[in-house]
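Here's a quick briefing to read alongside the model. Have the sequence and the 3D view open, and we'll go through it topic by topic.

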Amino acid sequence: MTPVSQRSRRVAPCVSRSRATASWEPIRESCLRYRAASRNLAPDRGIAVPFPYMPTTVFILGSHPALSAAELSSHAQRRGFSVSWDLSRLPVALFGSGSLPSPVELLPMLGGTTMIGTLRTTFPSYPSAADVVTAVPEILEPRQGKRLVGLFALPFSATVRLHHLPPERHSVMPVRELAMELKRTMGMRGTRVVFPPRQRPDLSTAQLLHNKLPAAGTAIALLVAPERVDLVTIEAIQDIEAYATRDRGRPHADPGRGMLPLKVAQMMVNLSLIPSGGTLYDPFCGVGAIPMEALLLGCSVVASDGSP
């Protein structure tokens, strides 16, 4: 089995440097602009971070958004999808339009994306409950049992500092008050609204899945920026239990020698730009995390290890 220090170099046989660099350059440009904004500096061209019109498909990124965005771009390229990317909502989300599969089909193929949804509308400031009902009228449709709605917010604090806006313009904590107002608007007895705890404005994937969202109801995310608030309905959430089941179900594991997380292995396969149906060779496969994820992504696999 290969030590962790050697594993960092093992994907070299399956990565084309020129193709990977071309895919990464627009992501790198946007991340440099975001980093400048987070230091309260103007970007290199002396203009503010742009916020153009958003396409419809919204990818909520994980804890390493630059890597997650690069994975998305690479996955679309290796699968032959024709997609136009909008990077203006990094590091929280990436917007895409084009020939994409359904969110439910696409999300299991991405290790670095936590949720996929659809942009429904954009408000100039924090919406009211009536605004939300108008934008998402299906939440009023009768259901067997109580109607279930999840509501949370994702902020853009770096752009807030860049524009020197007052706290009331960008605060994400009103999401709790909005949730209660929405419950009153929809009917107290026939509605259950899930909203974040007091300490934070967002809901994790585990919290949404625990409350059976979006399967049993409607999950609504508010992407809060200084000059607008995007309303997104979440259609698919990363199945964290599926990763845990695959991880525990591997035929061999050796925690004492280090194991690559399956989400990271999945991201590495996507970043390799191996075309759909292509062959991946992993000469230092260890316990087989990368070959296993590559098979699930539709690749043929050749793997070996001198000390498995």
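## Inside the sheet

Ala 221 is buried, with a relative accessible area of 0%. Keep in mind that this is a predicted model. Ala 221 sits in strand 7, and that strand belongs to an open sheet of 8 strands with the order 2-3-1-4-8-7-5-6. From there we'll move out to the helices, then to a buried arginine, and finish with some backbone oddities.

**The sheet**

- Pairing in this open, 8-stranded sheet is mixed.
- Strand 2 (83–86) and strand 6 (191–194) are the edges, each pairing on one side only.
- On average, neighbouring strands here are turned by 30° against each other, if you ignore direction.
- As a reminder, strands of a sheet pair through backbone hydrogen bonds, either parallel or antiparallel.
- Strand 7 (residues 218–224) and strand 8 (residues 229–237) are an antiparallel pair, with 6 bridges between them.

**Around Ala 221**

- Which residue of strand 8 stands opposite Ala 221? That would be Val 232.
- Val 232 is also one of the residues in contact with Ala 221, once neighbours within four places in sequence are left aside; the others are Phe 152, Asp 230, Leu 231 and Ile 234.
- Ala 221 and Ile 60 are 161 residues apart along the chain, yet their C-alpha atoms are separated by 9.7 Å.

**Helices lying across the strands**

- Helix 3 (residues 65–79) lies across strand 1 (57–61), strand 2, strand 3 (93–98) and strand 4 (113–123). Relative to strand 1, helix 3 runs at about 140°.
- Helix 8 (residues 174–186) does its crossing over strand 5 (147–155), strand 6 and strand 7. Its angle to strand 5 is about 155°.

**Arg 78, a buried charge**

- Arg 78 is part of helix 3.
- Where is the nearest side chain of opposite charge to Arg 78? It belongs to Glu 71, 8.2 Å away, and buried Arg 78 has no salt bridge.
- Arg 78 does have polar company: its side chain makes a polar contact with the side chain of Asn 270, at 3.3 Å.
- There's also a backbone partner, as the oxygen of Ile 274 lies 2.7 Å from a polar atom of the Arg 78 side chain.
- Not counting residues up to four places away in sequence, Arg 78 touches Val 269, Asn 270, Leu 273, Ile 274, Pro 275, Ser 276, Leu 297 and Cys 299.

**Helix 11 and what covers it**

- Two of those contacts, Val 269 and Asn 270, are among the buried residues of helix 11 (residues 262–271), along with Leu 262, Ala 265, Gln 266 and Met 267.
- The cover over these buried residues includes helix 3, helix 10 (240–248), strand 9 (279–282) and helix 12 (289–296).
- Strand 9 has two faces: Leu 280 and Asp 282 are on the covered one, while Thr 279 and Tyr 281 are on the uncovered one.
- Strand 9 runs parallel to strand 10 (residues 300–303), and 4 bridges join them.
- Within that pairing, Leu 280 has Val 301 of strand 10 as its bridge partner.

**Positive phi away from glycine**

- Leu 273 comes after helix 11 and has a positive phi, near 65°. Its place is in the loop between helix 11 and strand 9.
- Is Leu 273 buried or exposed? With 1% relative accessibility, it counts as buried.
- Lys 212 isn't a glycine either, and its phi is positive at about 60°. You'll find Lys 212 in the loop between helix 9 and strand 7.
- Lys 212 has 58% relative accessibility, so it counts as exposed.

**Cis peptide bonds**

- The bond from Leu 90 to Pro 91 is cis, and its omega is near 10°. Pro 91 lies in the loop between strand 2 and strand 3.
- The bond from Leu 213 to Pro 214 is cis as well, with omega near 0°. Pro 214 is in the loop between helix 9 (205–210) and strand 7.

Note on methods:
Residues are numbered from 1 along each chain as its sequence is written. This is a predicted model: local features need pLDDT of at least 70, side-chain atom pairs count only at pLDDT 80 or more; totals for chains, interfaces and linings use all residues. Side-chain values use heavy atoms; hydrogens and water are left out. Two strands pair if DSSP finds at least two bridges between them. Axes are lines fitted to C-alpha atoms, for helices over the stretch in contact, and angles run from 0 to 180 degrees between N-to-C directions. Contact means heavy atoms within 4.5 Å. Buried means under 20% relative accessible area, exposed over 50%, partly exposed in between (1.4 Å probe, protein chains only). Lys and Arg count as positive and Asp and Glu as negative; His and the chain ends are not counted. A salt bridge is a side-chain nitrogen of Lys or Arg within 4 Å of a carboxyl oxygen of Asp or Glu. A polar contact is a pair of N or O atoms within 3.5 Å; within protein, one must be able to donate a hydrogen and the other to accept it, and residues adjacent in sequence count only if both atoms are side-chain atoms.
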